[in-house]
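These exercises are about aromatic rings and the contacts they make. Work through each task before reading its solution.

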Amino acid sequence: AEPAVKHGLVGCGDIVPHKESHRKQRLRKSAVGYDIPGAQTVFLKTFGCSHNSSDSEYMAGQLAEYGYGITEDFDSADIFLINSCTVKSPSEAHFRTLVTRAKDTGKPVVVAGCVPQGDRNAGWDDVSVIGVQHIDRVVEVVEQALRGNRVHLLSRDKRRQPGLDLPKIRRNPWIEIIPINTGCLNQCTYCKTKHARGQLSSWPVAEIVSRVQSVVQQGVKEIWITSEDTGAYGRDIGSNIAELLRAIAACLPQGVMLRLGMTNPPYILEHLDAMVEVLNHPNVYSFLHLPLQSASDRVLEVMRREYTVADFCLVVDTLREKVPGINIATDVICGFPSETEEEFEETLRLCQHYKFPFLHISQFYSRPGTPAARMKPVPTSMVKERSRKLTEVFESYSDSFASLVGTAQQVWVTERASDGVNLVGHTKTYAQVILDADEVSLGTSTLVSIVEAHKWSVRGRVLQSGAPSPGTSPALTSHKPPSVCPSARLRALW
């Protein structure tokens with residue numbers, strides 16, 4: 001049977017949430033000095049993208065360095081820190097439900113992320129708020145909230161960016177997520193993230209490269225660069241994505257891989273040759289997340305996507321021709337306002353043609369305050385029907401990874417499978433490989449024979465047990481998780 005690893009794996013390396021017994025909670029809370037700031041336990045929950053995940057890891061690191069415990073056990077918390085996402089209505093609804101549940105305990109609540117930043121007047125009077133540019137002040141906000149005060153830090157200034165060298169607890173100790181810019185240059189009519197993250201603001205190349213070098217020395221095996229649009233990087237500081245990627249790739253030792261984040265077609269078109277060069281680099285996964293959204297030029301124009309279907313196809317065709325085996329992920333919105341049946345059929349045909357191995361299908365959700373929210377919607381039943389049809393097309397082919405069967409592939413192993421039994425690695429082309437945990441260790445790169453292919457992954461058998469990539473220094477090949485926080489006072493693992 002196909003392993004239950006459908007949408008990518010929930011891997012936490014060797015870190016597991018800390019859960020205290022009620023007896024231990026009572027003893028800890030009755031101890032002398034418990035009311036001193038830094039002695040309490042913070043429940044931390046994150047919704048949304050990898051950029052949000054990185055923000056939460058930075059906040060966890062700062063809190064832990066100050067002495068706070070970090071937990072995912074709701075009942076053992078003294079205070080709640082909830083990081084939100086505003087991309088889709090369901091995500092925001094789950095966030096608000098959790099906030100209500102937290103407030104019902106009578107304990108302090110701190111909310112962060114794109115929901116409160118993008119909607120400042122939505123009833124945050126009874127909680128504290130950390131804006132997206134103020135994650136470096138999380139200790140101050142938590143301390144004040146525990147004292148019964150409420151703090152709102154929502155100002156936004158392009159000149160104020162938190163540093164990349166803040167303390168951090170990586171949820172997966174083998175993977176470092178590095179934001180390279182925040183905000184974007186687009187004005188998509190359906191997107192509310194722009195309301196929160198604002199205009200493009202990029203970190204300097206030197207600061208990003210310094211962060212990469214630092215975490216590599218800590219033993220990290222995989223770097224993810226992330227932002228709202230990685231392709232737009234540097235346009236506000238006289239740089240560009242090609243310059244950054246070349247600089248990062250140049251400093252990566254063997255055995256450490258780089259994964260690129262989502263990028264929109266217009267910015268990749270300008271640097272297509274450079275992208276081909278970088279994606280062929282031995283330390284860079286041959287993988288790209290390139291949103292389509294619609295295969296109708298008229299719909300793309302209404303969305304204000306600033307590219308045509310021909311632009312999208314040129315990028316895909318060029319990368320598939322010049323980057324051997326590249327895997328491209330894409331996104332489609334079904335039922336955008338005014339989309340006709342004929343226009344949706346164009347999207348179906350394009351997806352049938354390219355057979356993307358990763359296809360993120362979304363029904364259109366109207367986000368308050370966006371131009372699309374004022375447009376006449378497509379009937380809900382029709383939106384669901386289009387989503388169903390596209391899902392059927394996507395599920396109709398299962399041969400995306402069939403060509404790997406019978407081949408030997410180098411695989412970088414950095415995650416635990418969601419079944420809690422197997423380990424997960426990725427090939428150079430970012431195909432997901434399921435491996436027996438008895439055959440290989442986390443944090444290694446190993447040669448694997450691919451024996452089965454499924455819709456979402458392949459199954460591998462280790463040929464070169466637990467071996468690091470040739471040339472990797474001994475300091476970087478330890479099977480122990482790398483350090484995740486500089487503080488010796490970390491009392492609870494997140």
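The model is predicted.

**Exercise 1.** Find which residues make up the aromatic cluster that contains Y285.

Solution. One aromatic cluster is formed by Y285, F287, F358, F401, W412 and Y430.

**Exercise 2.** Classify the pair Y190 and F336, and state which parts of the chain the pair ties together.

Solution. Step 1: a search of the whole structure gives 17 aromatic pairs. One of them is Y190 with F336, whose ring centres are 6.1 Å apart, with 80 degrees between the planes. Step 2: an angle over 60 degrees counts as edge-to-face, and this pair is edge-to-face. Step 3: Y190 belongs to the loop between β8 (181-182) and α6 (193-197), while F336 belongs to the loop between β13 (327-334) and α13 (341-354), so the pair ties together parts 146 residues apart in sequence. Step 4: both Y190 and F336 are buried.

**Exercise 3.** Do the same for Y285 and W412, then decide whether each residue is buried or exposed.

Solution. Step 1: Y285 and W412 form an edge-to-face pair, 6.1 Å centre to centre and with 90 degrees between the planes. Step 2: Y285 is in the loop between α10 (272-279) and β12 (287-289), and W412 is in strand β15 (residues 408-416); the pair links these distant parts, 127 residues apart. Step 3: buried means under 20% relative accessible area. Y285 has 0%, so Y285 is buried. W412 has 8% relative accessibility, so W412 is buried.

**Exercise 4.** State which ring lies under the charged end of K168, and which under R259.

Solution. Step 1: the charged end of K168 sits over the ring of Y58, 4.3 Å from its centre. Step 2: R259 lies over the face of W224, 3.7 Å from the ring centre.

How values were computed. Residues are numbered from 1 along each chain as its sequence is written. This is a predicted model: local features need pLDDT of at least 70, side-chain atom pairs count only at pLDDT 80 or more; totals for chains, interfaces and linings use all residues. Side-chain values use heavy atoms; hydrogens and water are left out. Rings of Phe, Tyr and Trp (its six-membered ring) pair if their centres lie within 6.5 Å; planes under 30 degrees apart count as stacked, over 60 as edge-to-face and the rest as tilted. Helices (H or I, at least four residues) and strands (E, at least two) are DSSP runs, numbered from the N terminus. Buried means under 20% relative accessible area, exposed over 50%, partly exposed in between (1.4 Å probe, protein chains only). A charge sits over a ring if NZ of Lys or CZ of Arg is within 6 Å of the ring centre and within 35 degrees of the ring normal.
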